[in-house]
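Please open the model in your viewer and keep the selection panel at hand. The stops below each give something to select and then describe what is found there.

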Amino acid sequence: MTARERAERRAAIGFVAPAVVTLAALTAGPALWVFWLSLRQRVPVFGIDHFAGIAHYAFLATDPRFWSAFRVTAVFTVASVALELLLGLGLALALRGQRVGRRAALALLLLAWALPGVVTARLFEWLYHPAAGLVNVALGVALNWLGDPALALPALVLADVWRTMPFVALFCHARLLTIPAAVYEAAAVDGAGRAATFRFVTLPLLAPVLLVTLLFRTLDALRAFDLMFVLTGGGPAGLTETLTVYAYRSLFQTLRLGFGSAIGVIVFVLVMAVAAAYLSVLRRREAAA
Amino acid sequence: MTSRRALVADVAVLVFLALYAVPFLWQVLTSFKPEAELLRVPPLWPTTLTLSHYEVVFTQSAMPRALLNSLGVGVLTTALACALGVPAAFALATLRVPAAGPLMLGVVASTAFPQIATVSPLYLVMRALGLRDTWAALVLADASFALPFVIWLMTRFMREIPRELSEAAALDGAGRWRTLLSVHLPLTAPGLASVALLTFLFAWNEFLFAFTFTATEASRTVPVALALFPGVFEVPWGDIAAASILASIPPVLIVVGLQRWLVRGLLAGALTE
């Protein structure tokens, strides 16, 4: 290594060191520490703090509340991500030719995405109000959306779709804008109809964007917390309790830090598994291309 | 005739999107409805409009203080993440950083970390440092996701600046800090504005950390105050509506007034592969 390279190295370390130290303390450290915490019995209010091995995980393996939360998380994630992708894609296609009021259209669209999750929860709590809610008035029914065991989870999914579909629509919309008109002219010359053009031209060009939004949205749905915590609080009777809400309750309402951390670790592993699956799909696509 | 058809289609999309915003617009209307008419629907439109709910929220609730807390935490989080993240991004984009590959992988991976997993260790850290119920706790906790985000996007933006420009600056005798401040920072200023805007928005909206690390009005942010909005005997729907609208002011301003920067920042995360 020459003197100049050594100097560059020293300078580089100087530039990244503050960020690296901060990340180590606030992000990487806690991410590793939580695994250790999940192996301990730790209840600060009673001064309990000792090693517990895999006891928490062994308990969770046969815990009906855990499996219920697991199922709710899975249903919530699959349903809301699928709906968001379909609706977002549809809206992006509708927005493609927009000439009048494009800025206003984007503002109306992005508003739902930009609001705090707690605000969204409050908006839908009011929309779902059994007596004065706009949903019941509009449909001419008298349903207790958040209190009915059959309706609470769909109602929660709907609120999440409202909030996050704009994100998908924006990404697809931006990609569509970059497809040159010549591509469509060529398809028209070849006699491709609307359906064929969508199937063989638009969709393949959108595929990478759809894949990346699928990843972002799946990760966010698995990690979601504020919307369900405020809108349903996991109710009725735990039917909308996700893994994140169960973890939070264990951590800060029953104050069992070790046990709650074990559920947090499981969410962590799920999220990383999804990200790894995405990377392998991406690599296979690149190898095929 | 095509142009007329296109106009009809454009208007149809706008009408659909206006309907899409109804959950929010309905809350706006609710916040101006007299108490007695809140639960009487239909009619949808009230007989008169009133500011009484805003009056209650401003004089008898924790919201004014929460708005101040959120503003402070949002600005400080953004400042901290940019102050630490921009030099790191500069080095990652232009210098040979030891272990740059693993470092970048760690940065990108940490943007996916679930807050529910890091909240318990962070809670113990805040407790040990005596930071519970302070702005500092929230700024540090929010930096845990804001800093990786800033480093990731700013590294991308800075990589697009041609090497020749830094070399020219070096020939002119500029040191590395000088190059960052006079070449890279001005050229990535629009990108930095987008990143800062998104960071502020994330901090403004953040709930899990804020709910966990705060205990009193001294540090409770807007989402926490809204989640805990008190109702003594019955739910004060009008007051909650007014509080929700106040909580939505920065996001609405960003979406309407700073849309270009918001969109640029959002898309930078995924579309420039």
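In this predicted model, begin by selecting helix α6 of chain B, whose buried residues pack against α1, α9 (194–223), α11 (243–253) and α12 (257–288) of chain A, together with α7 (135–159) and α11 (208–213) of chain B. The helix is mostly covered, since eleven of its 14 residues are buried; among them are Gln115(B), Ile116(B), Pro121(B), Tyr123(B) and Met126(B). With the backbone shown, look for a kink of about 30° in α6(B), centred on Pro121(B). The length of the helix can be checked as well: at 1.5 Å a residue, the 14 residues of α6(B) (115–128) should span 20 Å, and the end C-alpha atoms are 19 Å apart, which agrees. Just after α6(B), select Gly130(B), which takes a positive phi of about 70°.

Next, display both chains and select the residues of each that touch the other: 76 residues of chain A are in contact with 78 residues of chain B. Helix α1 (residues 3–37) of chain A gives the most to chain A's side, with 19 residues. If you colour that side of chain A by residue class, it divides into 58 nonpolar, ten polar and eight charged residues.

Now hide chain B and follow chain A from its N terminus, where the elements run α-β-β-α-α-α-α-α-α-α-α-α-α-α, that is, twelve helices and two strands. The radius of gyration of chain A is 24 Å, well over the 19 Å that the globule rule gives for 289 residues, so the chain is more spread out than a compact globule. Along its principal axes the C-alpha trace of chain A spans about 80 × 75 × 35 Å, and buried residues make up 43% of the chain's 289 residues.

Zoom in on the two strands of chain A, β1 (residues 40–43) and β2 (residues 48–51), which pair in the antiparallel sense over four bridges. Gln41(A) stands opposite His50(A) in β2(A), and in the hairpin, which has four residues between the strands, Gly47(A) takes a positive phi near 65°.

Finally, return to chain B and select Leu266(B), which lies in helix α15 (residues 259–268). Is Leu266(B) buried or exposed? Leu266(B) falls in between, being partly exposed, because 19 other C-beta atoms lie within 10 Å, whereas a residue counts as buried at 20 or more. Add Leu198(B) to the selection: Leu266(B) and Leu198(B) are 68 residues apart in sequence and 7.9 Å apart in space, C-alpha to C-alpha.

Note on methods: Residues numbered from 1 in each chain as written. Chains lettered and ligands numbered in written order. Predicted model: local features only at pLDDT ≥ 70, side-chain atom pairs only at ≥ 80, totals over all residues. Contact = placed C-beta atoms within 7 Å. Nonpolar A, V, L, I, M, F, W, Y, C, P; charged D, E, K, R; others polar. Expected span 1.5 Å × (residues − 1). Bend = angle between axes of the 7 residues up to and from the residue. Buried ≥ 20, exposed ≤ 12 C-beta atoms within 10 Å, placed from the backbone. Pairing = 2+ DSSP bridges. Rg over C-alpha atoms; globule rule 2.2 N^0.38 Å.
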